[in-house]
Amino acid sequence: MYHYYIMVLSASDCHGNPVKVLCSDDGKLETQSNNPSSNILLTSSSGVAVYADTQPIPTVDGNNRDGWLYKKTIANADKFNYYFYSQGSHPVLLGDLRSLVANVAIDNWQLNASVPFFVIYTKPTGVGDAGAWYHSKKAYAIDSLKNILIGEHVNLYCINKPKCTHNGNRDIELSTVIETGECLPTEEILTVSFQSDSAAPIQTQVLVGNLGYELNNNNQVYFNLIN
C-alpha cells in the first residue's frame, strides 16, 4: 500500500502579500514575485538623462557583468552622478522616503572616497536656499568601519534597510549623514543622485547594477542599468 501526501506551500513578498511558490526542474522552490524594476539602457535618451554630467561617461563592463561601469582615468575632479528620481503625479517629501538603495561592486578600493554615496536635493524656494538650484541637500556616505570586498556585489542603502532588493546580496548601510541647509521633512524632493566622490583617486572603478527607492506608503521604484 502506498501513501501519498500533499504539501501546500505559501509565501509572501516583501510587503506581506501572498505570492505563488514555483518548483524548478531541479527541485528548487522559488517564489514568483512582481519585480518592480524598469530598465534604463545606457545608450538611450533616458540613460543619458541619468548619467547627465558624469565624466568620463559609464561603459559596458569588460567582464560581462550587468550594469554600468565607471572608471576614473585621470587624477582630477571627475566623478559620476546618476540621477534616478523625477517627480510623478505628486511631489515626494523628504520625510516620505523610507529607503534608497544601489546594487554595486567596487573594483578598486583605496580609501573611503572610493565608495559612492547618495545625495537628496530639495526644490528651491527662493528663501534661505543653500544652493543656486536647490534648497537643501542631504548626503548619506559610508563610515570607516564597514567591510566590503573587492568586486563583491553589495546593496548600499540609507535611511532604512530596503524591503525589496530582488537579489541575495549583502546589505550595507551608508550611515554617515551630512546635511546642507534646513533639510526639513516637509521639503519637496527635486532629485536624488547616486554619485562618486570628486576626490576619489585615479583608477577608482565602480559597477552599478541597479538603483531604487522606497516610500513610507510602500510605493517603490527600481531601475536596472542595462547595456
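Trainee: What makes the largest set here a nonpolar core?

Mentor: The term means buried Ala, Val, Leu, Ile, Met, Phe, Trp, Tyr and Cys residues joined through side-chain atoms within 4.5 Å, where buried is under 20% relative accessible area, exposed over 50% and partly exposed in between (1.4 Å probe, protein chains only). This set has 39 residues, and Y82, F84, L100, L156, F194 and V208 touch the most other members. Mind you, this is a predicted model: local features need pLDDT of at least 70, side-chain atom pairs 80 or more, while totals for chains, interfaces and linings use all residues. Numbering starts at 1 along each chain as its sequence is written, and side-chain values use heavy atoms, without hydrogens and water.

Trainee: Why is Q87 called partly exposed?

Mentor: Its relative accessible area is 37%. That falls between the 20% and 50% limits, so partly exposed it is.

Trainee: How do you know that Q87 makes a polar contact with K123?

Mentor: Their side chains come to 2.5 Å. The limit is 3.5 Å for a pair of N or O atoms; within protein, one must be able to donate a hydrogen and the other to accept it, and residues adjacent in sequence count only if both atoms are side-chain atoms. So 2.5 Å qualifies.

Trainee: What makes β6 and β13 a pair?

Mentor: Strands are DSSP runs (E, at least two residues), numbered from the N terminus, and two of them pair if DSSP finds at least two bridges. β6 and β13 have three, in the antiparallel sense, so they pass. N81 stands opposite Q195 in β13.

Conventions
Helices (H or I, at least four residues) and strands (E, at least two) are DSSP runs, numbered from the N terminus.
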